[in-house]
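Work through the exercises below with the sequence and the model open. Each task is followed by a solution in steps.

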Amino acid sequence: MTDITETIRAEKSRTALSVQAGFLTIGLLLLLLAPFFFYPIFLMKLLCFALFACAFNLLLGYTGLLSFGHATFFGGAAYFTAYTVKSWGFPPELGILTGVVGAAFLGLVMGYLAIRRQGIYFAMITLALSQMFFFFCLQAEFTEGEDGIQSVPRGQLFGFIDLNNSTNMYYFVLAIFIIGMLLIWRFIHSPFGMILKSIRENENRAISLGYSVARYKLGAFVMSAALAGLAGALKSLVFQFATLTDVAWQMSGEVILMTLLGGIGTLIGPIFGAGLVVTLQNYLATSEFPVTIITGVVFMICVLIFRRGIVGEFYASWVGRKLGFVYRR
Amino acid sequence: MAALLDVQGLNAWYGESHVLHGVDMRVGEGETITILGRNGVGKTTTLRTITGIVRARKGKISFGGADMMLVPLHKTAHKGIGFVPEERGIFSTLTVSENLLLPPVVAEGGMSLDEIYELFPNLYERRASSGTKLSGGEQQMLAIARVLRTGVKMLLLDEPTEGLAPVIVQRIGEVLKKLKERGMTILLVEQNFRFASRIADRFYLMDHGQMVADFPVGELPQRMDTLHRVLGV
Amino acid sequence: MAVSATQTNATPRVVLSARGLRKDFGGFAAVKNVDLDVHDASVHALIGPNGAGKTTVFNLLTKFLQPTHGTITLMGTDITRTPPDKVARMGLVRSFQISAVFPHLSVLDNVRVALQRPNNLSTQFWRPVSALDRLNNRAEQLLASVGLSKERDQIAADLSYGRKRVLEIATTLALDPKVLLLDEPMAGMGREDVSVVSAIIREVARDRAVLMVEHNLSVVANICQQVTVLQRGEILAEGDYATVSQDPRVREAYMGTEEG
Amino acid sequence: DGASDGKVKIGILNDQSGVYADFGGKWSVEAANMAAEDFGGKVLDAPIEIVDADHQNKPDIASNIARQWYDTEQVDAIMELTTSSVALAVQAIGKEKKKIDIVTGAATTDLTGKACSPYGFHWAYDTHALAVGTGGALVKQGGDSWFFLTADYAFGYSLEKQGSDFVKSNGGTVVGAVRHPLASQDFSSFLLQAQSSGAKVVGLANAGLDTANAIKQAAEFGITQGGQRLAALLFTLAEVHGLGLEAAQGLTLTEGYYWNLDEESRAFGKKYFARTGRMPNMTHAGTYSAVLQYLKAIQKAGTDETDAVAKQLHEMSVDDVFGRGGTVGPNGRMIHDMYLLQVKKPDESKEPWDYFNVLATIPGKDAYIDPAKSGCDLVK
Amino acid sequence: MTMIFGIPVQALLGQLLIGLINGSFYALLSLGLAIIFGLLRVINFAHGAQYMLGAFVAYLMLAYGGIGYWPALILAPVAVGLFGAVVERLFLRRLYDLDPLYGLLFTFGMALAIEGTFRYLYGSSGQPYATPAALAGGTNLGFMFLPIYRGWVIVVSLVVCIGTWLLIEKTKLGAYLRAATENTVLVQVFGVNVPLLLTLTYALGAGLAAFAGVLAAPIYQVSPLMGSNIIIVVFAVVVVGGMGSIMGAIVTGYVLGIAEGLTKVFYPEASNIVIFVIMAIVLLVRPAGLFGRDA
Ligand SMILES: Nc1ncnc2c1ncn2[C@@H]1O[C@H](COP(=O)(O)OP(=O)(O)OP(=O)(O)O)[C@@H](O)[C@H]1O
Ligand SMILES: Nc1ncnc2c1ncn2[C@@H]1O[C@H](COP(=O)(O)OP(=O)(O)OP(=O)(O)O)[C@@H](O)[C@H]1O
Ligand SMILES: [Mg+2]
Ligand SMILES: [Mg+2]
């Protein structure tokens with residue numbers, strides 16, 4: 001049976017590494033220059049979702065757990081940040097921290113329950129629990145129901161950088177995004193990441209070596225939740241509101257789509273996936289065509305014939321192999 | 001003798017690992033053949049490839065003149081091949097009689113239920129209990145009995161005596177002899193070659209995914225050296 | 001073959017013991033009423049026909065399965081209700097009947113993963129993988145001891161079956177276990193590997209307890225001091241190989257067919 | 001002067017594929033187009049262009065589009081804005097960017113209360129007007145004891161609260177309430193509780209499919225046969241059409257518009273029907289009116305510059321098929337008459353879409369919050 | 001009047017009955033899910049969409065073909081079952097060798113596409129569907145007014161659930177199904193056309209969902225959204241029951257329907273999450289679910 005997390009072999013060739021470094025540099029340059037060419041809010045949204053998708057992929061791609069409840073962390077953190085910043089007057093950095101900690105806590109609770117089952121059950125349980133959280137947000141006072149928490153002030157970063165200026169805000173978001181990506185990268189390529197990898201490869205063997213698999217999975221779940229929270233917290237500042245859409249199950253579905261489309265288990269795939277989905281949604285909003293149908297069909301096509309996603313397909317393609325990328329199961 | 005089963009240059013793979021490296025084998029109508037070989041040389045794989053369970057395969061398999069390479073898995077039985085797998089494959093959610101009646105009848109000439117129960121009285125007694133409550137020996141009998149009803153021309157048996165008490169081994173030997181008398185063609189994989197030597201007409205010796213020797217039962221004494229070398233006994 | 005070296009110990013310590021072990025699978029008792037004592041510094045074999053319940057006993061002892069009845073004691077501690085990873089940390093490590101390696105990791109990494117925990121290098125998510133390089137020496141030592149040095153950088157999945165089992169044993173040894181449970185370690189191995197592994201096991205058992213399932217009776221005769229024969233989930237006979245192999249019930253149930 | 005960039009562009013931003021697709025949706029876009037054509041296709045010699053987008057009920061998508069429209073696509077005003085989270089978000093953007101928005105699709109009174117904007121207008125209805133209509137006017141008709149079935153979230157609470165306030169202030173009593181989860185398909189448990197409460201009126205403080213399902217099941221459990229009346233706080237012609245008269249008969253509701261009111265409204269309704277195949281509800285007619293009024297304001301101001309147009313919008317009276325002498329308060333609230341309507345029995349209905357009897361007309365000044373008390377800081 | 005926790009016994013009885021009605025839908029839906037999962041190892045996320053399709057096909061038959069409730073009760077499930085068969089043949093089949101999560105994702109996408117299409121074509125406010133004349137009206141049971149149609153729902157769902165159970169436990173086809181659930185390959189080697197069996201199974205599961213949909217049409221608005229919320233609840237039901245047995249799926253469905261019904265009386269605010277809460281508790285105590293077999 002083919003595992004959902006087809007993996008890229010750790011040791012890429014030298015060419016591949018330099019190609020990758022080249023891409024990274026170009027990518028970074030593009031991101032630095034992007035606000036001069038593109039609409040900054042759109043770019044910021046893209047970065048938020050890219051971070052969200054990468055955080056999600058940290059769980060799916062590197063531990064093989066398909067969570068259908070990541071909206072809880074993304075949207076939950078958005079609420080926490082929006083609320084503390086707006087009602088308690090927290091500065092943005094503290095607001096974001098609250099969001100992240102809150103999301104990590106939610107991750108701990110949800111993870112504790114869900115990791116008792118695996119595979120599809122895990123997916124169903126996370127979905128059900130996140131639906132519960134959705135209802136909580138719907139009914140709770142502080143979320144202001146379907147209005148959402150609106151007009152959240154962006155405030156002054158560290159007390160002196162005015163985030164209302166959209167250029168400042170953009171570079172702040174970019175900085176957080178890069179930090180987030182570095183964290184994920186470090187996390188994957190760490191001793192802890194090594195254990196996660198071995199658990200995914202052979203869970204029983206890992207147990208027999210004395211690893212309490214549940215705790216490592218829970219650890220990964222919480223990290224992923226916290227990073228998803230970081231993305232959500234950031235988004236609430238970018239758009240200056242937090243609403244129910246971010247905690248709804250459709251959001252969990254979207255992040256899966258982004259990851260699948262970009263390439264499960266590839267570090268940068270989800271960024272492409274997020275970019276594509278966000279652009280598509282924006283484009284479809286003003287087109288005649290209904291968004292849900294397209295989303296659904298894209299999902300089906302991806303699963304049927306495009307399982308490796310954009311980046312995965314590239315690695316596995318002729319060009320990718322020539323460049324020395326190795327993609328195998 | 002006309003070859004009922006003719007296998008030539010058969011290769012098979014599990015994913016990327018190449019397990020059969022050109023198996024050649026002919027089984028004549030009414031013959032009883034035993035494949036001998038160490039653990040892991042590909043005996044089971046040979047049977048699984050002939051039935052079509054292993055689809056990653058190359059080469060030629062013809063059965064009763066028909067090319068088996070293109071036959072879908074669920075049609076193998078209808079061509080006349082019956083399979084008794086290594087792990088016996090008794091269904092735990094089915095009763096003994098349900099297990100027995102499960103395989104569809106594919107041709108005339110199969111045994112009737114009465115004949116089967118006569119052959120295996122234990123099964124008759126336990127017909128209402130669930131499949132996995134049977135002892136290992138009974139499970140093995142059930143696995144054999146199951147295909148006898150269907151009217152297949154040839155039986156593929158994978159280590160039917162493995163892990164069974166001698167009494168039962170003996171009993172299975174008798175059953176196979178009876179089947180042989182009825183004209184059934186039998187292809188047997190066996191590590192217990194003392195058992196095999198009592199019923200087989202001919203042996204194939206397998207190593208590293210190939211048939212390395214092929215001799216009739218009469219030559220067994222001369223072949224003991226080869227056997228020792230290949231089987232490591 | 002002389003096996004007296006370790007038998008000179010007057011009263012070898014019992015390190016792992018089970019009393020009244022039973023396991024039901026939905027009404028079917030796969031293991032019933034099993035009492036077992038595994039002694040320090042010895043190799044103990046568990047034999048029996050297929051389906052006798054050997055693997056199930058292994059799973060019970062290592063807590064991969066929870067017994068329906070009975071108690072298990074490891075070095076004086078009751079582990080009947082201890083989770084499997086904890087049992088492993090207490091020094092009871094097992095191998096699996098079907099080879100258990102981490103297929104997409106290199107041979108070296110396979111061993112390093114095992115070394116990470118005892119060296120407190122398993123939870124650090126903030127350090128680079130290169131932090132694990134200090135385990136290399138020990139890992140290479142272990143690989144050398146089982147003759148896998150040449151394959152160090154190969155991906156485990158590419159090893160032959162026998163070499164995988166050898167790697168599995170190296171990984172197990174990395175934990176320096178007190179009690180080692182090996183499920184059919186020689187199954188599917190070529191002759192060379194069998195003797196390599198036999199030697200390793202004998203070496204290992206100098207200061208550890210080893211419990212193994214093995215069908216290859218010559219191996220059992222060679223390296224095991226104690227043999228327990230299981231049939232239909234129950235102990236049929238127990239003793240050293242010579243005694244057990246003469247037991248008529250054992251001959252009938254397990255070896256009987258050899259008489260032909 | 002004239003139009004700043006050579007054309008006047010109006011964006012209709014609403015839900016075209018989700019829960020509110022019938023409530024507004026593409027049908028509102030059509031109403032906007034109709035208004036542009038009725039105005040003559042040009043204002044101050046500049047062509048009028050209507051663009052639209054489906055915000056999929058996601059405020060971030062709405063916000064993204066609104067910003068792009070305002071910033072880079074020279075959209076002069078955004079209208080419709082179904083669902084309050086979207087309306088509030090877009091109105092905040094409009095306020096920041098000094099651009100006009102006219103909300104016809106959202107219900108929250110916050111739009112002209114604490115979240116009001118000098119450039120933001122609320123056109124068709126709001127929770128207050130609905131509560132006054134259904135809650136207040138019905139008591140006068142004899143429905144003086146109430147039991148509420150309330151959707152368990154802020155929108156439901158505010159409908160219930162405002163509804164029961166008007167019931168009480170008109171001399172009625174509220175005998176009980178039960179809160180049901182949003183999007184719960186089955187209402188029978190709650191309906192049984194309403195039934196046994198003995199209240200004369202069962203007030204439905206919910207929206208959309210919830211209301212529809214509650215009404216349908218009320219008919220099943222014989223609530224209306226038993227002499228109780230059903231009153232929906234937010235329900236429009238479009239949803240009655242979806243429910244069918246068989247199930248909806250006897251239901252009381254409040255709308256800001258009904259096509260079969262008089263000659264004028266009938267004429268408009270027929271014209272709209274010819275384009276869309278359906279009769280307009282208050283969102284559609286309201287959007288028509290909003291677009292028309294906006295164009296008139298530009299005409300009068302002689303420019304499409306925001307401040308000047310907003311000034312005109314605040315000052316001009318609304319005189320079209322929907323507004324009918326409506327005025328706009330300093331908080332941006334368009335104040336116009338509302339209608340208390342009752343759904344006809346199937347045999348009373350004489351033609352397709354002939355669904356309502358008008359029970360009462362609620363004057364605008366009674367229906368809407370006095371701007372002075374709205375909590376909007378623009379009102380001195 | 002006798003009271004229990006401040007609620008009259010009479011009212012309580014009524015609420016229990018209503019819980020049972022909702023449980024009927026849960027039972028039918030989780031039964032279909034269990035059958036599909038058992039053989040195909042696919043969690044059919046499109047189950048909600050197929051439930052909706054059932055209701056919609058019934059509506060369309062009536063609106064455009066003048067075909068009434070009774071024929072629709074058979075024809076709509078058959079139509080949806082056929083659609084399911086096509087989907088299985090063309091798509092799902094390609095996913096069997098992969099991680100089961102792909103099946104979940106595929107059917108998730110399919111659910112979105114189906115719902116999106118119907119929303120696009122028919123809007124979202126829902127379509128009317130009248131109670132069939134023969135079942136209109138209600139009877140007074142003394143403790144409550146029971147619409148006859150609701151009574152019919154309980155009866156027919158019980159009959160269908162038990163019928164399906166008998167089909168699977170007592171017939172040859174059922175034996176094939178059960179055997180194939182355990183060991184697909186072997187059943188195929190015996191000469192059973194398992195690919196066809198898989199197609200039939202998916203069609204049966206989809207048909208059961210559609211059947212529930214037709215049953216629901218006279219009670220709930222026929223709307224493209226009617227399936228998307230219920231499916232998540234049914235997932236929770238399935239987790240509580242555990243995918244062990246067909247009977248388990250049925251029983252859990254009814255029991256949780258009743259549990260939810262009671263919550264609507266005692267603490268209505270929690271009625272939408274009570275099943276999730278029960279799920280969380282069950283997970284803590286018995287991770288495999290009440291009837292689950294796997295550990
Ligand atoms: N499903 C599988 N996937 C990958 N490799 C397999 C699989 N089944 C068997 N193999 C490998 O293929 C080789 C041949 O296996 P096979 O089961 O045919 O051997 P055998 O001769 O029947 O051995 P035994 O006597 O142990 O039954 C072995 O090396 C085995 O490890
Ligand atoms: N999880 C399970 N559920 C039900 N029955 C089981 C389970 N695991 C094992 N059994 C049954 O328990 C019995 C003993 O199995 P076990 O695997 O312990 O045998 P074994 O002695 O290791 O055999 P082998 O030599 O073939 O490995 C068998 O009849 C088997 O079918
Ligand atoms: Mg074999
Ligand atoms: Mg075993």
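Two residues are in contact when heavy atoms of theirs lie within 4.5 Å. The model is predicted.

**Exercise 1. Describe the interface of chain E and chain A: its residues, its area and its polar pairs.**

Step 1. Start with the contacts: 47 residues of chain E touch 41 residues of chain A.

Step 2. Turn to the area. About 4,200 Å² is buried between chain E and chain A, and carbon and sulfur atoms give 79% of this. On the chain E side, E:L101, E:Y102 and E:L105 lose the most area to chain A, together 16% of what that side buries.

Step 3. Look for charged and polar pairs. The count of salt bridges between chain E and chain A is 0, while 3 residue pairs are in polar contact, with both residues at pLDDT 80 or more.

Step 4. Assign the chain E side to helices. α4 (100-122), α9 (226-241) and α11 (274-285) of chain E each supply at least two residues. The largest share, 15 residues, comes from α4(E).

Step 5. Sort that side by residue class: 32 nonpolar, 8 polar and 7 charged.

**Exercise 2. Do the same for chain E and chain B, and find the salt bridge across this interface.**

Step 1. Here 20 residues of chain E are in contact with 22 residues of chain B.

Step 2. The two chains bury about 1,800 Å² between them, with 64% of it on carbon and sulfur atoms. E:E182, E:V189 and E:F190 supply 37% of the area that chain E buries against chain B, more than any other three residues.

Step 3. The rule finds 1 salt bridge across the interface. B:E98 pairs with E:R178, and their closest N and O atoms are 3.0 Å apart. A salt bridge is counted within 4 Å, so a pair at that distance qualifies. There are also 8 residue pairs in polar contact, both residues at pLDDT 80 or more.

Step 4. On the chain E side, α6 (172-182), α7 (184-189) and α8 (194-216) each supply at least two residues that touch chain B. α6(E) gives the largest share, 6 residues.

Step 5. By class, this side of chain E divides into 11 nonpolar, 4 polar and 5 charged residues.

**Exercise 3. Does the radius of gyration of chain A agree with that of a compact globule, or disagree? Then examine two annotated spans of this chain.**

Step 1. Count the elements: chain A has 14 helices and 4 strands.

Step 2. Compare the radius of gyration with the rule. For 329 residues a compact globule would have a value near 20 Å; chain A has 19 Å, which agrees. Its C-alpha atoms fill a box of roughly 50 × 45 × 45 Å along the principal axes.

Step 3. Take the spans from the record. The unreviewed UniProt entry annotates "transmembrane region" at several places in chain A, including residues 46-74 and 255-277.

Step 4. Check each span in the model. Residues 46-74 of chain A are 76% helix and 0% strand, with end C-alpha atoms 14 Å apart. Residues 255-277 of chain A are 74% helix and 0% strand, and their end C-alpha atoms lie 9 Å apart.

**Exercise 4. Which parts of chain C does the salt bridge of C:R152 and C:E140 tie together?**

Step 1. Over all chains the structure holds 49 salt bridges. In this one, the closest N and O atoms of C:R152 and C:E140 are 1.9 Å apart.

Step 2. C:R152 lies in the loop between α4 (136-146) and α5 (161-174) of chain C, and C:E140 lies in helix α4 of chain C, so the pair ties together parts 12 residues apart in sequence.

Terms used:
Residues are numbered from 1 along each chain as its sequence is written. Chains are lettered from A and ligands numbered from 1 in the order in which they are written. This is a predicted model: local features need pLDDT of at least 70, side-chain atom pairs count only at pLDDT 80 or more; totals for chains, interfaces and linings use all residues. Side-chain values use heavy atoms; hydrogens and water are left out. UniProt positions are given in the numbering used here, feature names are shortened, and annotations may be inferred rather than shown by experiment. Buried area is the accessible area (1.4 Å probe) that two parts lose on being put together, summed over both. A salt bridge is a side-chain nitrogen of Lys or Arg within 4 Å of a carboxyl oxygen of Asp or Glu. A polar contact is a pair of N or O atoms within 3.5 Å; within protein, one must be able to donate a hydrogen and the other to accept it, and residues adjacent in sequence count only if both atoms are side-chain atoms. Ala, Val, Leu, Ile, Met, Phe, Trp, Tyr, Cys and Pro count as nonpolar, Asp, Glu, Lys and Arg as charged, and the others, Gly among them, as polar. The radius of gyration is taken over C-alpha atoms; the globule rule is 2.2 Å times the number of residues to the power 0.38.
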